[in-house]
Amino acid sequence: MSIAIKSPWKLLVVIVNPGLSSRVIRIGRRVGIKGGTIMLGHGTKSAPILQFLELADFRKEIVVMVVESQDIVDQALDKLTDELHLNRPNHGIAFYLNVAQFLGSQHYEYIHAYESEDPCMNHQAIFIIVDKGKGAKAMKVATEAGAQGGTIINARGSGIHETMTFFQMAIEPEKEIVLIVSLRERTEAIVTAVKENLEIEKPGNGIIFVQDVCGTVGLKE
């Protein structure tokens with residue numbers, strides 16, 4: 001029988017405007033976070049006036065950092081909010097996820113744990129992974145189903161349904177990851193709409209997974 005162990009690890013996600021990701025990393029280091037990963041993407045908003053002015057798409061930088069404890073993640077959120085003004089509109093958002101397993105860093109030993117109690121009740125992160133070019137459609141469908149906005153991240157994937165060859169060279173198609181932070185009560189409608197419109201359940205069309213979100217900063221509902 002497994003014994004529930006409360007994991008100390010958190011995954012801190014910070015989405016900011018271009019040029020600020022290095023500053024996010026520096027703020028993290030000041031409170032004890034040893035490093036992070038920076039990804040590029042673009043965000044969307046559902047405001048009609050922005051769509052009319054063709055300003056609804058804008059570049060974003062996504063910083064992902066594994067954090068050692070709840071105390072450190074709380075300090076990081078406070079510093080990020082104060083220094084980057086995340087509590088102001090259009091200055092970025094930050095949130096963290098509970099981590100059940102963590103390995104791959106020279107600084108830490110392998111940990112396997114999971115939460116016995118989940119304190120994260122209000123928001124959920126919806127991850128939609130589709131072929132390049134379909135992220136915008138997924139975001140449009142999600143917006144119509146109640147999403148307030150999201151971030152599209154460029155990525156690459158491989159799998160039995162995706163890999164093809166060209167002049168005897170394996171080609172792995174580019175992917176897009178759509179990240180939406182949603183109120184829990186809207187999640188089911190958003191996921192159902194995207195699943196049906198993009199036929200996610202058919203092989204090779206993509207995947208969706210949902211993760212509970214904690215400690216949100218900068219979200220506007």
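Q: In this predicted model, is Asp71 buried, partly exposed or exposed?
A: The relative accessibility of Asp71 is 48%. Buried means under 20% and exposed means over 50%, with partly exposed in between. Because its value falls between those cut-offs, Asp71 counts as partly exposed.

Q: Which helix holds Asp71?
A: Asp71 has its place in a helix that covers residues 70-84. That helix is H3.

Q: How far apart in space are Asp71 and Val31, C-alpha to C-alpha?
A: Along the sequence, Asp71 and Val31 are separated by 40 residues. In space, their C-alpha to C-alpha distance is 9.6 Å.

Q: What is the charge of the surface patch formed by Asp71, Asp74, Asp78 and Asp82?
A: Asp71 is joined in this patch by Asp74, Asp78 and Asp82. Asp counts as a negative residue. The surface patch is therefore negative.

Q: Which residue makes a salt bridge with Glu83?
A: Side chains of opposite charge can pair when their charged atoms come close. For Glu83, the N to O distance in its salt bridge is 2.2 Å. This falls within the 4 Å cut-off, and the partner is Arg30.

Q: How many residues apart are Glu83 and Arg30?
A: The salt bridge between Glu83 and Arg30 links distant parts of the chain. Glu83 is in helix H3, while Arg30 is in helix H1, residues 21-30. The two are 53 residues apart.

Q: Of Glu83 and Arg30, which is exposed?
A: Glu83 has 24% relative accessibility and counts as partly exposed. Arg30 has a relative accessible area of 53%. Because exposed means over 50%, the exposed residue is Arg30.

Q: Which parts of the chain hold Lys34 and Glu68, and how many residues apart in sequence are those parts?
A: Lys34 and Glu68 form a salt bridge, with their closest N and O atoms 3.6 Å apart. Lys34 lies in the loop between H1 and strand S2 (37-45), and Glu68 in the loop between strand S3 (57-67) and H3. The pair therefore ties together parts whose separation in sequence is 34 residues.

Q: What is the relative accessible area of Glu68?
A: Lys34, the salt-bridge partner of Glu68, is partly exposed at 41%. Glu68 is partly exposed too, and its relative accessible area is 33%.

Q: What is the sign of phi for Glu199, positive or negative?
A: Most residues other than glycine have a negative phi. Glu199 is not a glycine, and its phi is about 50°. Glu199 sits in the loop between helix H5 (184-197) and S12. The sign of its phi is positive.

Q: With which residue does Glu199 form a salt bridge?
A: Glu199 is partly exposed at 39% relative accessibility. The closest N and O atoms of its salt bridge are 3.2 Å apart. The partner is partly exposed as well, with a relative accessible area of 46%; this residue is Lys202.

Q: Where is His85, a residue other than glycine with a positive phi?
A: Phi of His85 is near 55°. His85 is partly exposed, with a relative accessible area of 31%. Its place is the loop between H3 and strand S4 (93-98).

Q: Is Thr151 buried or exposed?
A: Thr151 is in strand S8, residues 149-156. Leaving aside neighbours within four places in sequence, its contacts include Ile15, His42, Lys60 and Ile177. Its relative accessible area is 6%, which is under the 20% cut-off, so Thr151 is buried.

Q: How far apart in space are Gly218 and His91, C-alpha to C-alpha?
A: Gly218 lies in the segment after strand S12 (207-217). Apart from neighbours within four places in sequence, Gly218 is in contact with Leu86, Gly92 and Ile93. Gly218 and His91 are 127 residues apart in sequence, and their C-alpha to C-alpha distance is 7.6 Å.

Q: What percentage of the residues of the chain count as buried?
A: The secondary structure comes to 5 helices and 12 strands. About 12,700 Å² of the chain is exposed, and carbon and sulfur atoms supply 54% of that area. Of the 221 residues, the share that counts as buried is 39%.

Key. Residues are numbered from 1 along each chain as its sequence is written. This is a predicted model: local features need pLDDT of at least 70, side-chain atom pairs count only at pLDDT 80 or more; totals for chains, interfaces and linings use all residues. Side-chain values use heavy atoms; hydrogens and water are left out. Patches are made of residues with over 30% relative accessible area and no salt bridge: like charges are joined within 9 Å, nonpolar side chains (Val, Leu, Ile, Met, Phe, Trp, Tyr) within 5 Å. Accessible areas come from the Shrake-Rupley method with a 1.4 Å probe; for residues, only the protein chains shown count as cover. A salt bridge is a side-chain nitrogen of Lys or Arg within 4 Å of a carboxyl oxygen of Asp or Glu. The place of a charge is taken as NZ of Lys, CZ of Arg, CG of Asp or CD of Glu. Helices (H or I, at least four residues) and strands (E, at least two) are DSSP runs, numbered from the N terminus. Buried means under 20% relative accessible area, exposed over 50%, partly exposed in between (1.4 Å probe, protein chains only). Contact means heavy atoms within 4.5 Å.
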